[in-house]
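Q: I am new to this structure. Could you show me how to read its features one by one?

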Amino acid sequence: MVGRGRHRRAVWIGGLGVLVLAALGGWAWWWLGTPRGEAPQAPQDPRAEQIARGSLYFQQSCVSCHTQGGIGPELTRGVLANYRTADRLFRYVSRAMPYDAPGSLEEQTYWDIVAFLLAENGMLPDDVVLGPETAPDVPLRRR
Ligand code: HEC
């Protein structure tokens, strides 16, 4: 009798031990697998990043004239649509702008600015990062 009781208790404690270990293991698994720290991986979205860069460059190099009351025309959807494709808009802008220093920016900077202008006007397709390969296939429609 005594021997059996001890045996049962041992089984009981053993089982409990396994459960506790399993719970700890599960927790450790979760803890190790959960990203933490002050620099979580930013989701990579090249299109959003291009538009964000373009916005900054536009503020720096273009907005001084292309704002209400500035010497440059307002860059509306209708104005941009005159260029018919993103490629042609890029060619104009990269050769003629900024008006007081034409062609003075990096090529990539012009792509970023054009991407920003198109996105602002709802003319940049959802899956397009603008560049020499993609721009000829981006039509600029009035509406
Ligand atoms: C110093 C003032 C100035 C700056 C800076 C400037 N622009 Fe212009 N922009 C003008 C003027 C003036 C025109 C009209 C030019 C013309 O009619 O020949 C113009 C025309 C344009 C046009 C053509 C509009 C149309 O009616 O077809 C686009 C597009 C444009 N600018 C984009 C830009 C971009 C992008 C930048 C920044 C890289 C920029 N501009 C910087 C003054 C400026």
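The dialogue below takes up the ligand, the pocket, a salt bridge and two points of the backbone.

A: Keep in mind at the start that this is a predicted model.

Q: How many residues surround the ligand, and which are the closest?
A: A residue belongs to this shell if one of its heavy atoms lies within 4 Å of the ligand. Here the shell has 19 residues, and the closest are C62, C65, H66, Y83 and M97. Sorted by class, 15 of the shell residues are nonpolar, three are polar and one is charged.

Q: Which helix gives the most to the shell around the ligand?
A: Helix α4, which covers residues 86-96, gives the most, with three residues.

Q: What distances separate ligand atoms from N or O atoms in the side chains of H66 and Y83?
A: For contacts of this kind, look for a pair of N or O atoms within 3.5 Å. In H66, a side-chain N or O atom is 2.6 Å from a nitrogen atom of the ligand. In Y83, a side-chain N or O atom is 2.5 Å from an oxygen atom of the ligand.

Q: Where is the ligand with respect to the pockets?
A: The ligand takes up the space of the largest pocket. That pocket has a volume of about 370 Å³. It is lined by 22 residues, of which H66, P73, L75, Y92 and M97 are the closest to its centre.

Q: Which elements give two or more residues to the lining of the largest pocket?
A: They are α2 (46-61), α3 (77-81), α4 and α5 (107-120). The largest share, three residues, comes from α4. By class, the lining divides into 17 nonpolar, four polar and one charged residues.

Q: How many salt bridges does the structure hold?
A: Side chains of opposite charge can pair when their charged atoms come close. The structure holds two salt bridges. One of them is formed by D112 and R53, whose closest N and O atoms are 2.7 Å apart. Because D112 lies in helix α5 and R53 in helix α2, the pair ties together parts that are 59 residues apart in sequence.

Q: Which residues does a cis peptide bond join?
A: The angle to read is omega, which is about -10° for the cis peptide bond between M97 and P98. P98 is found in the loop between α4 and α5.

Q: What is the phi of R84, and where is R84 found?
A: R84 is not a glycine, yet its phi is positive, at about 70°. This residue is found in the loop between α3 and α4.

Conventions: Residues numbered from 1 in each chain as written. Predicted model: local features only at pLDDT ≥ 70, side-chain atom pairs only at ≥ 80, totals over all residues. Heavy atoms only, no water. Polar contact = N/O pair within 3.5 Å; in protein donor to acceptor, adjacent residues only side chain to side chain. 1 Å grid on protein atoms, 1.4 Å probe; cavity = no way out; pocket = protein on both sides within 12 Å on 5 of 7 lines; lining within 4 Å. Sits in = over half its atoms within 2 Å of the grid points. Helix = DSSP H or I, 4+ residues; strand = E, 2+ residues; numbered from the N terminus. Nonpolar A, V, L, I, M, F, W, Y, C, P; charged D, E, K, R; others polar. Points joined across faces, edges and corners; volume = space filled by probe spheres on them. Salt bridge = Lys/Arg side-chain N within 4 Å of Asp/Glu carboxyl O.
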